[in-house]
Amino acid sequence: MSTEQNQASLVEVYKEKAIATACQIAEFNSFEEAVPHLLSLMENKAPCELLYEEDVEKGPNGPNGCPTRVQKVIAAPEIGEYYEPLKKAFEEKGYKVIDSDLRHYVAGIDMGIALAKKGIAQSGTCMVNTNKEDTRLATMICEFSVLVLKKSQIMPTVLSMADELRAEMNQNPTNYITFISGPSRTADIERVSAVGVHGPLEMHIVLLEG
């Protein structure tokens, strides 16, 4: 099997495993092609419920009895060249796009976007560098989490990138590396599965060519 065929096979396994963890997968040739898809997700999303008092314009209460935020917020720290086209497209629709100071928005963020350094086919997992607090918050306090992953960065197992992980940790022992598999889920209460209790309600993975 050629290298290209092997990688294509890994991508298919990754997609299958990620879907099994309740992720939603979308594939595009470039991030620019993905932006309309992300806009559609935001347009169809219910307003974010504010988890505590925040000095913003509020809408009617949501399903949990909390007031909703009128202007939807998208957090996209550390996404490099993808940020400007994203910001331009979303702000034209009246949304607020931020890439820093996420502590001021911890009452609730509608969508958090982060780059995944690696994907793990065995479990449908994304590995995200979360050294910066804003990136950690973007993946934790949003209702919709979007991870952008290049297909070429999908690896068979976590063990297959052990040397790379070890080198990165040796270079900076205080690194934050987060492994994310699906939306937030728990069964702590009477063993009843609940989604979104400790984090995102939905997980969306954008797979890019290259």
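**Exercise 1.** Work out which parts of the chain the salt bridge between Lys45 and Glu143 ties together.

*Solution.* Start with the contact: the closest N and O atoms of Lys45 and Glu143 are 2.8 Å apart, and a salt bridge here is a side-chain nitrogen of Lys or Arg within 4 Å of a carboxyl oxygen of Asp or Glu. Next, place the partners: Lys45 sits in the loop between H2 and E2, Glu143 in strand E9 (residues 142-150), so the pair ties together parts 98 residues apart in sequence. (Helices, H or I with at least four residues, and strands, E with at least two, are DSSP runs numbered from the N terminus.)

Before going on, keep in mind that this is a predicted model: local features need pLDDT of at least 70, side-chain atom pairs count only at pLDDT 80 or more, and totals for chains, interfaces and linings use all residues. Residues are numbered from 1 along each chain as its sequence is written, and side-chain values use heavy atoms, leaving out hydrogens and water.

**Exercise 2.** Find the salt bridge between Lys45 and Asp110, then decide whether each partner is buried or exposed.

*Solution.* The N to O distance is 2.8 Å. Now check accessibility (buried is under 20% relative accessible area, exposed over 50%, partly exposed in between; 1.4 Å probe, protein chains only). Lys45 comes out buried at 5%, and Asp110 is buried too, at 0%.

**Exercise 3.** Do the same for Glu209 and Lys151, then name their network.

*Solution.* Their closest N and O atoms lie 2.7 Å apart. Glu209 is partly exposed at 39%, while Lys151 is buried at 13%. Salt bridges link both into a network with Glu12, Lys15 and Glu27.
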